[in-house]
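Here's a walk through one protein model, stop by stop. Keep the viewer open and follow along.

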Amino acid sequence: SMTVALGRGACGGHLTLLFTVDDQSEDPNFQGSLGAGICVADGVEAIARGQEGEYSLNVRFLSGEGDSNMYQQVLDLLCQEIPQFSELNWEVAIKMTLPPSQGFGMSAAGAIAAACAFQRAIGQPHEESLRRAYSIAHRVERMNSTGLGDVTALSAGGVERRLIPGSPYSGSNLVNGPGVAEGWFESTPIVLAWRENPGRHTSEYIDNAKWKKLITDSGTEQMKILSDGVWDSSRWTELIECAESFSTDSQLANDASRSSLIEAGKSAAQRVGIGVDVAVLLCMLGESIAIVPRELGSVESLDSLITELENEGLQALVTSVGKIS
């Protein structure tokens with residue numbers, strides 16, 4: 001009888017609120033970013049199915065469009081570490097609850113979820129699988145210039161700060177770093193809103209010298225504040241203020257399509273009477289916004305925003321801060 005290997009993996013998305021570009025090292029394990037942001041509950045679920053046969057991968061997207069090449073890269077890297085993967089014929093089904101290429105860290109989430117699903121299918125131990133998933137996802141992100149710090153952020157979970165750039169796990173024992181991130185968790189609603197068709201790809205910024213300098217100078221300035229002291233829920237308001245300063249100083253908010261997004265978010269919040277209670281933050285580097293309570297616990301629900309944001313011609317959904325990894 002043909003034995004079928006089945007495994008599931010899931011990973012939430014990540015919103016970068018401010019960051020630096022650290023890509024000087026030749027070694028992708030040392031490339032990444034400092035910064036801060038929020039991991040969210042919505043993201044990617046992957047179901048992997050392997051059976052004896054010629055090594056190949058069929059990727060199916062159950063919702064939304066994705067990059068099937070990225071999933072092939074993930075599986076190829078797994079094969080290098082665990083030869084058993086190359087003895088099977090694979091299929092992976094990907095379900096996304098947030099759109100890709102909008103600043104929600106979905107390529108990182110997809111790579112992590114799939115790497116977990118493949119490894120569970122062949123019965124790899126959970127803890128080691130997770131570390132290997134982060135390590136491989138980080139390398140794939142650097143290969144594709146799709147993200148800098150998303151994987152490291154997701155390895156911390158919750159509301160995170162990234163203190164040392166680089167992969168969260170590396171080396172044959174997957175013990176740790178060089179990347180270091182910390183997260184704390186408090187259940188908080190977040191509304192995400194975006195335009196149907198995003199303008200530009202992350203790589204147009206992080207591979208461009210002028211933008212890289214603007215972003216890194218402003219990110220470094222804000223991280224001087226956020227890197228200091230203990231990282232817990234007492235830092236929420238400060239995080240929001242630093243995110244707002246970063247958007248302006250980096251000039252990323254000056255872009256016409258981004259500034260109109262912020263305006264749309266603010267006027268939607270005003271119309272439902274919570275204009276003063278929420279902050280409208282840019283998700284880097286998409287064309288999207290996150291609307292969050294200015295003070296933790298001050299807003300019961302943000303559901304009323306959805307209709308108003310849709311009236312502004314945006315797609316929107318309610319999610320929440322993602323658990324600590």
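R271 has a relative accessibility of 43%, so it counts as partly exposed. In this predicted model, the side chain of R271 meets that of E308 in a salt bridge, with N and O 2.7 Å apart. The pair links distant parts of the chain: E308 sits in helix α9 (residues 305–311) and R271 in helix α8, 37 residues apart. The E308 end is the covered one, if you go by the cut-off: with a relative accessible area of 18%, E308 is buried, because buried means under 20%.

Which residues are joined into one network by salt bridges that share partners? They are E81, E128, R132 and R139. The full count of salt bridges comes to 15. As background, side chains of opposite charge can pair when their charged atoms come close.

Two other pairs are worth a click. E160 and R162 form a salt bridge whose closest N and O atoms are 3.0 Å apart. Is this pair buried or exposed? E160 has 0% relative accessibility and therefore counts as buried, and R162, at 1%, is buried too. Then there's E287 with R195, whose side chains meet at 3.8 Å, N to O. E287 lies in the loop between β8 and β9, and R195 in the loop between β7 (189–194) and α5 (203–206), so this pair ties together parts that are 92 residues apart in sequence. Here E287 counts as buried at 6% relative accessibility, while R195, at 24%, counts as partly exposed.

Stay around β8 and β9 for a moment. In the loop between β8 (278–283) and β9 (288–293) you'll also find L285. The peptide bond that joins M284 to L285 is cis, with omega at about 10°. Strand β8 itself holds V280, which is buried at 9% relative accessibility. If you want a distance to check in your viewer, try V280 to G149: their C-alpha atoms are separated by 22 Å, and the two residues are 131 apart along the chain.

Now for the other backbone oddities. Why flag them at all? Because most residues other than glycine have a negative phi, and most peptide bonds are trans. Another cis bond runs from G177 to P178, with omega near 15°. P178 belongs to the loop between β5 (159–164) and β6 (180–184).

On the phi side, S101 is not a glycine, yet its phi is positive, about 60°. Look for S101 in the loop between β4 (88–96) and α2. Its relative accessible area is 54%, so S101 is exposed. Q251 is a further non-glycine with a positive phi, this time about 70°. Q251 is placed in the loop between α7 (236–249) and α8 (256–271). With 36% relative accessibility, Q251 counts as partly exposed.

Next, switch to a surface view and turn to the pockets. The second largest one has a volume of about 430 Å³. It is lined by 26 residues, and the closest to its centre are A10, C11, G12, K323 and S325. Which elements each supply at least two residues of this lining? They are β1, β2 (35–52), α2 (106–121) and α3 (126–144). The top contributor to the lining of the second largest pocket is β2, which gives seven residues. Sorted by class, that lining has twelve nonpolar, eight polar and six charged residues.

Finally, take a look at strand β1 from the outside. It spans residues 4–19 and includes V4. V4 has 40% relative accessibility, so it counts as partly exposed. Together with L6 and I47, V4 makes a nonpolar surface patch of about 250 Å². That's a good place to end the tour: β1 holds V4 of the patch, and β1 also supplies at least two residues to the lining of the second largest pocket.

Definitions and conventions
Residues numbered from 1 in each chain as written. Predicted model: local features only at pLDDT ≥ 70, side-chain atom pairs only at ≥ 80, totals over all residues. Heavy atoms only, no water. Patch = residues over 30% accessible without salt bridge, like charges linked within 9 Å, V, L, I, M, F, W, Y side chains within 5 Å. Areas by Shrake-Rupley, 256 points an atom, 1.4 Å probe, with all protein chains shown as cover. Salt bridge = Lys/Arg side-chain N within 4 Å of Asp/Glu carboxyl O. Helix = DSSP H or I, 4+ residues; strand = E, 2+ residues; numbered from the N terminus. Buried < 20%, exposed > 50% of the residue type's maximum accessible area, 1.4 Å probe, protein only. 1 Å grid on protein atoms, 1.4 Å probe; cavity = no way out; pocket = protein on both sides within 12 Å on 5 of 7 lines; lining within 4 Å. Points joined across faces, edges and corners; volume = space filled by probe spheres on them. Nonpolar A, V, L, I, M, F, W, Y, C, P; charged D, E, K, R; others polar.
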